[in-house]
Amino acid sequence: MKKVWIIAGGVVLVAAVSAPWAVGKLTEQHWQSATEQFNASQPYFVMETESYERGYLGSEAHGQLFAVDPDTGERYPLGWTGDISHGVTSSTIDFDFDFADDAGMEAVFPDEKPTVTVTTSAWGSSLVELNVPAIDYTDDSSGESLNVSASYATLNISEDGETLDARMQLPGLVLRGPDVRVSMENLNLDQHASLLTGKLWTGEATVTLDKVSVTSRDEPELVLENWKWSAIPMPTVPVKNSAWQQR
């Protein structure tokens with residue numbers, strides 16, 4: 001009986017030691033597949049991986065994220081680095097984007113930058129988390145100002161990429177100009193999508209907004225409160241020069 005426990009303990013130890021390596025290998029494979037699907041599913045962004053250095057407990061990847069004008073094909077690059085840590089059953093990718101040469105981004109986010117974290121499991125599910133810090137920005141030349149509460153968005157990908165659940169929350173926003181003031185309170189988005197076949201998707205979405213108001217000089221205030229929009233769309237499929245087409 002003692003020998004059985006020793007053998008069992010050895011098996012568990014070997015599994016625990018080898019698990020990060022196996023998870024790291026699966027993460028690299030999932031990453032390659034996910035970027036290919038991402039690039040093929042829409043015309044607005046292209047994710048390119050220039051290097052992927054896989055280690056035992058962690059990996060590091062470098063590349064470019066391009067914003068694409070679908071009409072002209074012109075691409076605007078943004079460099080990124082992915083710091084990847086391997087666990088027993090999952091990996092976590094922390095993205096760092098290169099905003100060093102972007103004066104606008106530095107002005108809006110002088111201290112803390114937006115962060116993107118992706119957690120991938122060995123069985124193929126993924127969780128993408130976007131966190132945007134609060135914004136307190138004033139343009140001294142124009143007098144315009146922007147105040148935005150800290151906000152976040154998540155995308156949960158499951159069933160080998162065949163089910164998507166997205167959520168976004170923006171607690172508040174105020175935009176002020178010389179002649180206008182726009183404010184928005186508690187914007188929420190919840191969306192679910194399922195793959196039917198090939199590139200054919202279906203799903204449902206709900207958007208709620210507690211309040212939005214627009215005040216302009218010499219005009220009465222325009223206010224919209226307790227707004228809710230829900231939709232159960234017909235199956236949709238990505239097409240050229242358009243993210244989705246209603247059928």
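Does Asn186 count as buried, partly exposed or exposed, and what is its relative accessibility? Asn186 counts as partly exposed because its relative accessibility is 24%, and partly exposed lies between the buried limit of under 20% and the exposed limit of over 50%. The model is predicted.

The protein chain as a whole contains two helices and 15 strands. Of its 247 residues, 26% are buried. The chain exposes about 15400 Å², and 57% of that area comes from carbon and sulfur atoms. Among contacts between residues at least 6 apart in sequence, 42% join residues at least 24 apart.

Two asparagines are described here in terms of backbone and exposure. Most residues other than glycine have a negative phi. Asn186 has a positive phi, near 55 degrees, and is not a glycine. This residue belongs to strand β11, which covers residues 180-197. Asn226 is likewise a residue other than glycine with a positive phi, in this case about 50 degrees. Its strand is β13, residues 222-231.

| Residue | Phi | Strand | Relative accessibility |
|---|---|---|---|
| Asn186 | near 55 degrees | β11 (residues 180-197) | 24%, partly exposed |
| Asn226 | about 50 degrees | β13 (residues 222-231) | 68%, exposed |

Which exposure class does Asn226 fall into? Asn226 counts as exposed because its relative accessibility is 68%, and the exposed class begins over 50%. Asn186, at 24%, counts as partly exposed.

Notes. Residues numbered from 1 in each chain as written. Predicted model: local features only at pLDDT ≥ 70, side-chain atom pairs only at ≥ 80, totals over all residues. Heavy atoms only, no water. Helix = DSSP H or I, 4+ residues; strand = E, 2+ residues; numbered from the N terminus. Buried < 20%, exposed > 50% of the residue type's maximum accessible area, 1.4 Å probe, protein only. Contact = heavy atoms within 4.5 Å. Areas by Shrake-Rupley, 256 points an atom, 1.4 Å probe, with all protein chains shown as cover.
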